[in-house]
Amino acid sequence: MSRNSKSDPPADERGSGRISFHLQKQLQNDPPSVDDADCSTVPMGTTSHARPTLPPSVLRNPGRGGAYTNNESKVHGINGGFAPSNNEHIELRSRRISARRRAQFGSDENRNRWMHAAADKLADWMPRTPKAMVVAFCALLGVACIARIASHPAVTGALGSAGSVSQRKLQKNPVSGGANSDFLDDFDQRRRRAADLPDGTVFSEPAHTRMCRSIIDRLDAYDAGTTSFERLIFTESEYVCRDPDSPYTSVLNMFAAQLLHEANNQLGLNVDYTHRCAKWERFCSGNMTTVQFHLPDPLSMNAYAWQDGCIDATVLRNLCTDSLASADPTNPDNILFPSGYLDTDTNTCNLGCYFNQVLPWIRNNLRIVATDWLNTVESRALTFWLRNAAEFSHREKDDMEVSVVSLSCADEGCDMTQDSCVCEFTPLPNWVYAMHIPRSSTNVAIVVSPTCAKFGEGCTLHAQELYHFFHTLYPRADITYNVITSTSSWYMRMITADVLVCPPGEGCLLPAIARDAYTYIYEKTSPTVSTWLTCTPDNYLTRMTVPTYPPVFVQGDCRHLRARIGAWSNDMALAPSLQYSSPVDGYLGCADSNFVATAEDPYRPPTTYRWDESVWATCPVTVMTKNELCSQMDRLGLSRILFVGDHTTMTQAISLASILGQNNDISLDTNVVPNFTKTITCDGTAIGSFELSYIRNDRLEEPGTTPSPGFPNCGPTNEQYCYPWSTDYSSFAGKQLLIVNTGYHWADDWQGYITNFQNFVGKIDEVAGANAIRANDVIMFRTSVPGHKECDLHNGVYAHYGEYCPRIVNGAFWHWWGELPPYNDYAIRIINEWNLLNTVKNGPNIELLDPWLMSVLRPDGHLSGSDAGPSCALDPKECMLYSLPGPVDWWNHLLVQQLADVGTHVENSSPMQVWR
């Protein structure tokens with residue numbers, strides 16, 4: 001994404017698990033709403049296949065990725081078991097056992113006496129009750145497992161003879177061991193290693209390396225006239241299947257073998273591949289932690305046809321010959337990128353037909369694993385910040401939104417057996433995460449690869465800083481931080497998250513192509529392209545965002561950061577500019593009209609506070625002026641500001657009219673229609689003036705009737721007022737700013753709110769389709785702000801969210817205030833979806849006006865607040881609506897700043913980051 005307008009990044013950039021994962025509109029073209037999993041690894045389902053008959057030597061020492069035929073005992077090519085010379089110790093051990101047993105049971109008399117004694121002893125030990133039998137069985141099982149562990153090479157220190165393993169891994173830690181030390185020891189000493197075979201192969205070679213030798217042999221036979229070949233099956237090596245540090249390389253190894261499988265079978269060579277990684281999971285561990293274990297076996301190719309003309313016999317021979325002759329025959333790039341993917345002269349890349357053939361296979365198989373993972377993980381209850389969260393069980397799944405930040409090394413050159421390694425890790429600035437991770441997230445997970453945590457300079461520190469920073473930025477979310485040792489869990493969390501954000505690195509590449517949306521992958525493209533991701537076809541790139549790296553802060557992006565982290569400060573010097581030139585009539589202005597100024601308190605206390613940004617000081621909320629608003633309206637060519645919503649929206653509209661000196665003749669009498677229109681003159685501008693209008697509609701719905709004072713027309717009990725608004729909006733001649741809100745009048749009708757908000761977005765699209773000028777409007781949705789319990793006892797502000805949180809209330813008595821933040825979250829999600837539909841929608845993007853945090857920190861200034869006085873008393877108390885002037889004025893100060901950001905993007909023709 002190119003950026004045309006640059007500015008300094010936000011100032012004061014500071015600091016900056018149990019994870020729930022929801023598959024957001026990604027899998028199988030229809031998003032399941034499955035939510036959540038703990039960070040413990042849950043084995044995923046694998047496809048079962050009948051095992052072919054194996055020769056005795058392989059059964060004694062199961063094949064290290066060996067090749068075998070289906071129904072024959074003959075092993076072709078690479079056995080993977082002990083070489084014949086290495087079977088002697090097995091025969092000698094058998095002879096010793098036989099000799100010992102002959103000595104013990106040398107005669108029938110000795111044998112019978114021993115057997116009777118053993119039977120008597122066993123009878124004494126047998127449990128007498130079912131419960132005792134269960135306990136005994138569990139004890140025996142425990143003893144067996146302990147014995148297995150005690151005999152484990154990692155415990156006993158016994159080391160087998162080391163084979164010659166690929167230099168790609170073995171040279172990672174050249175000083176940590178002797179001649180027999182290699183990377184295989186990292187698998188908990190559980191590899192049953194074999195010596196090199198006479199033909200020069202080693203059991204740790206990935207299957208594609210071994211397949212190439214057989215393919216070349218069969219191509220030679222094919223050229224010599226052989227037309228029929230017996231089936232030869234290659235399986236993956238334990239080395240590839242169990243590699244815990246390099247999932248990217250291991251998965252590519254497997255798909256390189258699958259590419260060879262498909263290519264040679266097009267020629268009838270009958271060299272097959274099935275990874276059979278599950279066979280390497282043995283004994284009592286149940287520890288299938290690598291993503292390789294969980295890929296379908298055989299890999300699923302059915303949905304994607306083979307591309308004819310990509311690999312013929314000549315190309316296949318050259319592919320294998322060049323790979324085997326390379327410095328590292330085990331490198332999957334030899335098969336997938338035989339000519340590379342980067343033209344260094346032009347810094348352009350081309351994947352070629354090889355990797356383009358494999359891409360859909362990787363995507364499809366990872367999505368299959370992700371679906372299985374979601375179907376098997378344990379769903380855990382939604383962790384709401386509300387104290388009475390039990391009331392929200394009806395939204396247990398619908399309300400989950402999980403964002404994942406994945407930190408890993410730039411490449412997989414390190415493994416955990418090393419004492420030191422160069423891990424290139426480049427963190428992103430905190431404002432980047434704030435722009436990509438939606439404020440509606442219920443869970444934000446920071447997952448770190450073990451190699452990054454151990455070797456990456458600043459990796460762990462960055463993760464810890466993000467953990468604390470996210471707690472402030474997303475105060476209602478469950479923030480988690482984990483170093484993920486299971487690559488299957490790591491990959492599945494990235495694939496199934498609603499939002500994925502990754503700094504540069506190989507760790508996110510494969511999960512990124514398996515996702516559908518909300519994927520932000522930063523990759524270095526200068527001075528050269530660092531990975532193949534930017535070379536993928538458009539149908540992959542359109543599913544993700546690959547922003548400019550290093551990230552550039554664009555003028556106008558403050559609208560994503562402003563008013564999210566801050567605090568209120570008393571500022572008596574600013575207070576004069578926060579007063580109205582004329583008071584507001586009725587109950588909204590009662591507290592101000594009754595206030596008596598003194599030398600100590602010249603202004604009503606709720607009008608003396610200033611909002612300060614705590615982190616991004618370059619994105620302030622400043623006090624608006626009429627000239628500034630006129631300038632922004634003129635800049636965007638807007639001729640009207642139209643507010644549509646309930647009583648809180650009316651309060652904001654009257655606040656704006658009062659700041660502009662146009663609050664006369666606005667009646668709050670319940671016997672008068674509340675809608676109004678004011679004309680605001682803008683001297684020296686092209687627009688000359690603009691209209692400021694308000695239409696009351698408590699639920700953003702139009703039931704087909706028009707209410708009148710005392711005669712409401714909408715709501716479940718027909719107690720709300722829904723004046724028609726869409727016709728007025730659609731028929732206006734000029735461009736306009738539409739500000740809407742709904743939420744307060746939906747109580748706990750969650751499904752009703754969902755349907756209604758979707759209908760509202762549909763109405764915006766319908767109106768824009770009928771009138772093209774509506775596509776150029778600016779539309780803002782203002783979030784709903786809950787009231788404050790016992791507001792009459794407060795005469796000041798909360799210092800931070802932690803002071804407000806214990807006072808959260810919900811339920812019918814409190815007008816279901818606790819429902820408002822989840823309603824906001826849902827609206828934000830729908831807005832995000834809408835803003836992504838750039839090519840199929842008629843209406844403009846919807847911006848967010850979010851004074852939520854600013855307002856929850858203001859328990860003062862309500863209509864029933866301590867400053868209102870006895871003559872303004874209301875029955876019942878009104879602790880949701882604010883008096884004017886007061887905190888609501890800052891909603892409009894924020895509005896003008898956000899509008900200026902929109903104008904900056906339009907003026908500079910810079911890409912506008914969609915709202916998060």
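The buried residues of α7 are covered by elements including β4 (232-234), α9 (247-266), β5 (271-273), α11 (313-325) and α12 (333-336). That's one corner of a predicted model whose chain has 28 helices and 20 strands. Of its 916 residues, 54% are buried. Below is a quick tour of that helix, some disulfides, and the aromatic rings around helix α24.

**Helix α7 and what comes after**

- Helix α7 spans residues 207-223, so to speak a run of 17 residues, and covers 24 Å from first C-alpha to last, close to the 24 Å expected at 1.5 Å a residue.
- The buried residues in α7 are A207, H208, T209, R210, M211, C212, S214, I215, I216, R218 and L219.
- Among the elements packed over those buried residues you'll find strands β4 (232-234) and β5 (271-273), plus helix α9 (247-266).
- Just after α7 comes G225, which takes a positive phi of about 115°.

**Whole-chain surface**

- The accessible surface of the chain comes to about 37400 Å².
- Carbon and sulfur atoms own 52% of that surface.

**Disulfides**

- The chain's disulfide count comes to twelve; here are three of them, taken one by one.
- C414 and C421 are bonded through sulfur atoms 1.9 Å apart, and the link is left-handed, with -85° about the S-S bond.
- Are the two ends of that link, starting with C414, buried or exposed? C414 has 2% relative accessibility, so this cysteine counts as buried.
- Its partner C421 is partly exposed, because its relative accessible area of 21% is not under the 20% cut-off for buried.
- C502 and C508 also sit with their sulfur atoms 1.9 Å apart. Their disulfide is left-handed too, at -75° about the S-S bond, and both cysteines are buried.
- For C630 and C682 the sulfur atoms are 2.1 Å apart. The torsion about their S-S bond is about -70°, so this disulfide is left-handed.
- What does the C630 and C682 pair tie together? C630 lies in helix α21 (residues 626-636), while C682 is in the loop between β16 (676-681) and β17 (689-696), so the pair joins parts that are 52 residues apart in sequence.
- C630 and C682 are both buried.
- One more cysteine to note is C805, which is partly exposed, with a relative accessible area of 22%.

**Helix α24 and N756**

- N756 belongs to helix α24 (residues 750-770).
- With 5% relative accessibility, N756 is buried, because that value is under the 20% cut-off.
- Which residues does N756 touch, leaving aside those up to four places away in sequence? The contacts are R699, L700, E701, T742 and W746.
- W746 turns up again below, as a member of the ring cluster.

**Aromatic rings**

- Searching the whole structure gives 26 aromatic pairs.
- W750 and Y826 make one such pair, and the geometry is edge-to-face: 6.0 Å centre to centre, with 70° between the planes.
- That pair links distant parts of the chain, with W750 in helix α24 and Y826 in helix α26 (residues 820-836), 76 residues apart.
- W750 and Y826 are both buried.
- How do the rings of Y753 and F757 sit? Their centres are 6.1 Å apart and their planes meet at 20°, so the pair is stacked.
- Y753 and F757 both lie in helix α24, four residues apart, which is about one turn of the helix. Both are buried.
- Zooming out, ring pairs join W725, Y729, W746, W750, Y753, F757, F760, F781, Y823 and Y826 into a cluster. So W750 and Y826 belong to that cluster, as do Y753 and F757.

**Arginines over rings**

- R774 lies over the face of Y729, at 5.3 Å from the ring centre, and Y729 is a member of the ring cluster.
- R640 lies over the face of F732, at 4.4 Å from the ring centre.

Note on methods
Residues numbered from 1 in each chain as written. Predicted model: local features only at pLDDT ≥ 70, side-chain atom pairs only at ≥ 80, totals over all residues. Heavy atoms only, no water. Helix = DSSP H or I, 4+ residues; strand = E, 2+ residues; numbered from the N terminus. Expected span 1.5 Å × (residues − 1). Buried < 20%, exposed > 50% of the residue type's maximum accessible area, 1.4 Å probe, protein only. Contact = heavy atoms within 4.5 Å. Disulfide = S-S within 2.5 Å. Areas by Shrake-Rupley, 256 points an atom, 1.4 Å probe, with all protein chains shown as cover. Phe/Tyr/Trp six-rings, centres within 6.5 Å; stacked < 30°, edge-to-face > 60°. Lys NZ or Arg CZ within 6 Å of the ring centre and 35° of its normal.
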